Amino acid sequence: MEGFGLIAENIIHVRKAIQESIEKRRVPVREEVELIAVTKNHDIYAMRKAIDAGIRIIGENRIQEALNKAKILDRQVKWHLIGHLQTNKAKQAVELFSLIHSVDSERLALALQREAEKIGKVQKILLQVNIAGEDTKFGVTPEEALLTASRISQLNHLQLCGLMTIAPHESEIELTRPVFRRAYQMYTDLKNAGLKNADFQWLSMGMTNDYTVAVEEGSNLVRVGTGIFGQRQY
Ligand SMILES: *Cc1c(COP(=O)(O)O)cnc(C)c1O
């Protein structure tokens, strides 16, 4: 199978590509890029290999899968939730994840605030923005982003740390660039808006197919699955 024995090599390759993209940047975003290994549908053995090769952040899409893995994983890592979250799973999400990328409504933010307050945590979150307005994707529209962000920033058990976006799948990687550019612009606008309970430092964008362009356009948090582990088996 592609990938499994090559996980460490794949990580080296991805890190090198990220470095090359940083050198092509024209935007003054913080220089380091954090690489999240997206482990959905990959097992504990693959996860251990990635962690032993230097990965420090695991990205998962589904709460139950993440909880099951967290119970048995014998390594120190940070867990990031990158997939859609239902309000009725807010409690479990707050218990496990250090950063939730997929906050896409005030309603979800309120549920997270309640659960974070109960356990005395300040939950770090990102606002997910659906830049291209695709029906198949979650996220607030660019038009809604400022209003939603300012409402969320009233919640004192949440800390709004930036934005997350998923670009449309394109056959030609260059076609993703305008989406990432717009996301970066929104990120800097919101960073400069002086919101309460906010600390804008993360712009989460870029996956296996498009992370090089995303980093060139200012991403500092990339979410790579296939590029590290090979194709997922469903
Ligand atoms: C699955 C997933 C990824 C990783 O996708 P790859 O194409 O395998 O790199 C990144 N972000 C989100 C939100 C995902 O659901």
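## Strands, helices and cores in a predicted model

Q: In this predicted model, what share of the contacts with a separation of 6 or more comes from residues 24 or more positions apart?
A: Take the contacts in the chain whose partners have a separation of 6 or more. Now pick out the ones between residues 24 or more positions apart. Their share is 63%.

Q: How many helices and strands does the chain have, and what is its radius of gyration?
A: Let's start with the parts list: there are 9 helices and 8 strands. For 234 residues the globule rule gives 17 Å, and the chain comes close to that, so it is as compact as a globular protein of that length. The C-alpha trace spans about 45 × 40 × 30 Å along its principal axes. As for the radius of gyration, the value is 17 Å.

Q: What percentage of the residues in the chain is buried?
A: A residue counts as buried when its relative accessible area is under 20%. Apply that to the 234 residues of the chain, and the buried part is 53%.

Q: Which helix does the chain pass through on its way from S2 to S3?
A: Strand S2 (residues 57–60) and strand S3 (residues 78–81) are parallel partners, with 4 bridges between them. One of these pairs Glu-60 with Leu-81 in S3. The crossover between the two strands is a right-handed β-α-β one, and its helix is H3 (residues 63–72).

Q: Are the buried residues of H3 on the same side or on opposite sides of the helix?
A: The buried residues in H3 are Ile-63, Glu-65, Ala-66 and Lys-69. Around the axis they cover an arc of only 160 degrees, so they lie on the same side.

Q: Which exposed residues sit on the face of H3 turned away from its buried side?
A: First, look at the buried side: what covers its residues includes helix H2 (44–52), S2, S3 and H4. Now flip to the face turned away from there, and you'll find the exposed residues Lys-71 and Ile-72.

Q: Which residue in S4 is the bridge partner of His-80?
A: S3 pairs with strand S4 (residues 99–103) in the parallel sense, over 2 bridges. To get from S3 to S4 the chain goes through helix H4 (residues 90–96), in a right-handed β-α-β crossover. Across the pairing, the partner of His-80 is Leu-99.

Q: How many residues of strand S5 are buried?
A: S5 (residues 123–128) runs parallel to S4, and 3 bridges join the two. One bridge links Val-103 to Leu-127 in S5, and the chain makes a right-handed β-α-β crossover from S4 to S5 through helix H5 (residues 106–118). S5 is largely enclosed by the rest of the structure, because the buried count among its 6 residues is 5.

Q: Which helix makes a right-handed β-α-β unit with S5 and S6?
A: S5 and strand S6 (residues 158–164) are parallel and share 5 bridges. Among the residues paired here are Ile-125 and its partner in S6, Leu-160. The helix that completes the right-handed unit is H6 (residues 142–152).

Q: Which helix gives the largest share of the largest nonpolar core?
A: That core has 69 residues, and the members touching the most others are Leu-112 and Ile-228. The largest share is 7 residues, and they come from helix H7 (residues 177–191).

Q: How many residues are in the second, separate core?
A: Members of this second core include Ile-57, Leu-126, Cys-161 and Met-164. Ile-57 falls within S2 (residues 57–60), and the total for this core is 8 residues.

Methods. Residues are numbered from 1 along each chain as its sequence is written. This is a predicted model: local features need pLDDT of at least 70, side-chain atom pairs count only at pLDDT 80 or more; totals for chains, interfaces and linings use all residues. Side-chain values use heavy atoms; hydrogens and water are left out. Two strands pair if DSSP finds at least two bridges between them. A crossover is right-handed if, with the strands pointing away from the viewer, the path from the first strand over the helix to the second runs clockwise. Buried means under 20% relative accessible area, exposed over 50%, partly exposed in between (1.4 Å probe, protein chains only). The arc is that of the directions from the helix axis to the C-beta atoms. Contact means heavy atoms within 4.5 Å. A nonpolar core is a set of buried Ala, Val, Leu, Ile, Met, Phe, Trp, Tyr and Cys residues joined through side-chain atoms within 4.5 Å. The radius of gyration is taken over C-alpha atoms; the globule rule is 2.2 Å times the number of residues to the power 0.38.
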